[in-house]
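Visitor: Could you take me through the reading of a model, one feature at a time?

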Amino acid sequence: MKNSLNQLGKKKIPFLFIIDFDLKNFYIAPLDKLDNQIFFSIDGFSNVTPHPF
């Protein structure tokens, strides 16, 4: 886990990092590789298309 975070950080690749409260399960993924069921909009990076109302 630590190596994955460091590599993404060194390459300045935006990523999503999720960890549970027990610190046992985690998920790390570059934002451009996220599953289509995970939607995000973080500091200008997004996979959500804005819809006008």
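Visitor: How far apart are the mean positions of the positive and negative charges of the chain?

Guide: Lys and Arg count as positive and Asp and Glu as negative, while His and the chain ends are not counted; each charge is placed at NZ of Lys, CZ of Arg, CG of Asp or CD of Glu. In this chain the 6 positive and 5 negative charges have mean positions 13 Å apart. This is a predicted model, in which local features need pLDDT of at least 70 and side-chain atom pairs count only at pLDDT 80 or more, whereas totals for chains, interfaces and linings use all residues. Residues are numbered from 1 along each chain as its sequence is written, and side-chain values use heavy atoms, with hydrogens and water left out.

Visitor: What radius of gyration does the chain have?

Guide: Taken over C-alpha atoms, and set against a globule rule of 2.2 Å times the number of residues to the power 0.38, the radius is 13 Å, where a compact globule of 53 residues would have one near 10 Å. The C-alpha trace spans about 40 × 25 × 15 Å along its principal axes.

Visitor: Is Phe40 buried or exposed?

Guide: Buried means under 20% relative accessible area, exposed over 50%, and partly exposed in between, with a 1.4 Å probe and protein chains only. Phe40 has 8%, so Phe40 is buried, and 11% of the 53 residues count as buried.

Visitor: Which residues is Phe40 in contact with, beyond its neighbours within four places in sequence?

Guide: With contact meaning heavy atoms within 4.5 Å, Phe40 touches Leu31, Leu34, Phe45, Ser46, Asn47 and Val48 outside that range.
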